[in-house]
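Biologist: I should like to go through the side-chain packing of this model with you, beginning with the aromatic rings.

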Amino acid sequence: MRSKWNYDFVKASKYFYIFSIVLTIAGIISLSVFKLNYGVDFRSGSNVDVKITKDVTKQDIEKVLVETKLNQKDVQITPGTGRVNIRFPEVLTPNQESDLKAALIKDIDKNASAEVNTVDPEMARELQQNAIYAVLLASLGIIVYVTIRFEWRFAVAAIVALLHDAFLVITIFSILRLEVNLTFIIAVLTIVGYSINDTVVIFDRVRENMRFAKIKTHTDLHDVVNKSISQTMTRSINTVFTVFIASVCLLIFGSESIRMFSLAMVIGLLCGAYSSIFIASPLWYVLKGLQKNVKSKPSKTTT
């Protein structure tokens with residue numbers, strides 16, 4: 001199969017490796033300094049979801065909090081939906097809950113109703129651990145699957161690309177101080193799924209082309225990887241673009257509750273497409289090139 005993508009992806013990958021390493025270092029520094037902005041799902045506290053029938057401003061809600069001696073600045077208002085979300089870093093007592101509900105009915109809306117969800121410290125720690133276990137278990141499953149279907153070199157390259165994608169999304173959320181909650185973890189796992197799908201498509205084409213190629217030198221291996229990426233490029237772009245458009249629409253028109261999920265998906269899809277092409281496949285080329293039966297020889301592939 002011929003392809004219109006005549007580009008030396010393997011040769012260019014070294015520049016993308018440098019770019020990714022720089023981003024990774026920046027992410028480590030960011031996570032060390034700023035850490036993650038955990039939502040109420042991963043930190044102890046109370047989350048108050050208020051339903052109202054009239055328009056209010058953030059200042060109106062803050063006045064109520066001052067009146068009830070709960071001066072909490074983390075107030076989120078979803079315009080046009082009649083909902084106000086108030087997050088407290090401390091667990092509210094039953095008396096504080098009663099005072100807040102009474103003040104909302106008195107000063108904001110007589111028809112206001114409030115639902116209080118509380119996460120204690122032990123539950124918050126358990127949720128954090130379960131989120132980490134979920135990502136690690138998904139990664140382990142992918143390693144086993146790719147190793148059985150292909151070989152261990154493909155599995156190593158795939159998992160490096162997946163961890164790269166997940167870490168970049170986490171880094172961006174850390175730098176921008178975006179909230180990390182359970183929907184964010186769902187988004188990361190979804191990104192892992194889409195990313196491995198793109199990577200496996202390229203790997204499958206590499207394996208197919210390897211069957212008919214006579215690999216004697218690094219040049220031959222180099223050409224096989226470039227050819228495989230080129231042949232699957234259109235398919236990869238079309239797949240990612242379709243899901244990307246859907247994610248952007250969710251980000252723009254979706255409700256506040258799924259906004260962080262949509263944003264994580266948008267970022268992760270771009271990172272996944274990037275890593276499948278410039279990280280995973282070239283990394284497999286490096287690992288495969290270490291075999292003793294592949295002779296070293298400078299590549300003559302042109303861009």
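Biologist: How many aromatic pairs does the count come to?

Modeller: This is a predicted model. Rings of Phe, Tyr and Trp pair if their centres lie within 6.5 Å. By this rule the count of aromatic pairs is 10.

Biologist: Is the aromatic pair of phenylalanine 154 and phenylalanine 203 stacked, edge-to-face or tilted?

Modeller: The two ring centres of phenylalanine 154 and phenylalanine 203 are 4.6 Å apart, with 55 degrees between the planes. Planes under 30 degrees apart would count as stacked and planes over 60 as edge-to-face. The pair is therefore classed as tilted.

Biologist: Which parts does this pair tie together, and how many residues apart are they in sequence?

Modeller: Phenylalanine 154 and phenylalanine 203 are both buried. Phenylalanine 154 belongs to helix H5 and phenylalanine 203 to helix H6, so the pair links parts whose separation in sequence is 49 residues.

Biologist: Are tyrosine 274 and phenylalanine 278 buried or exposed?

Modeller: Both residues lie in helix H8, four residues apart, or about one turn of the helix. The relative accessible area is 14% for tyrosine 274 and 15% for phenylalanine 278. Buried means under 20%, so tyrosine 274 and phenylalanine 278 are both buried.

Biologist: Which residues form one aromatic cluster with Tyr274 and Phe278?

Modeller: The rings of tyrosine 274 and phenylalanine 278 form a tilted pair, with centres 6.0 Å apart and planes at 40 degrees. The other members of their cluster are Phe9, Phe16 and Phe19.

Biologist: Which helix gives the largest share of the largest nonpolar core?

Modeller: This core has 30 residues, and those that touch the most other members are Val146, Phe154, Ile196, Phe203, Ile229, Ile277 and Trp284. Helices H1, H4, H5, H6, H7 and H8 each give two or more residues to the core. The largest share, eight residues, comes from H8.

Biologist: Which residues does isoleucine 277 touch, not counting residues up to four places away in sequence?

Modeller: Isoleucine 277 is among the core residues that touch the most other members. Contact here means heavy atoms within 4.5 Å. With that sequence limit applied, the residues touched by isoleucine 277 are Phe9, Ile202, Ile229, Met233 and Pro282.

Biologist: Which residues form a nonpolar patch on the surface?

Modeller: The patch has about 500 Å² of accessible area in total. One of its residues, isoleucine 29, is placed in helix H1. The members of the patch are Ile21, Ile25, Ile29, Val33 and Phe34.

Technical notes
Residues are numbered from 1 along each chain as its sequence is written. This is a predicted model: local features need pLDDT of at least 70, side-chain atom pairs count only at pLDDT 80 or more; totals for chains, interfaces and linings use all residues. Side-chain values use heavy atoms; hydrogens and water are left out. A nonpolar core is a set of buried Ala, Val, Leu, Ile, Met, Phe, Trp, Tyr and Cys residues joined through side-chain atoms within 4.5 Å. Buried means under 20% relative accessible area, exposed over 50%, partly exposed in between (1.4 Å probe, protein chains only). Patches are made of residues with over 30% relative accessible area and no salt bridge: like charges are joined within 9 Å, nonpolar side chains (Val, Leu, Ile, Met, Phe, Trp, Tyr) within 5 Å. Accessible areas come from the Shrake-Rupley method with a 1.4 Å probe; for residues, only the protein chains shown count as cover. A salt bridge is a side-chain nitrogen of Lys or Arg within 4 Å of a carboxyl oxygen of Asp or Glu.
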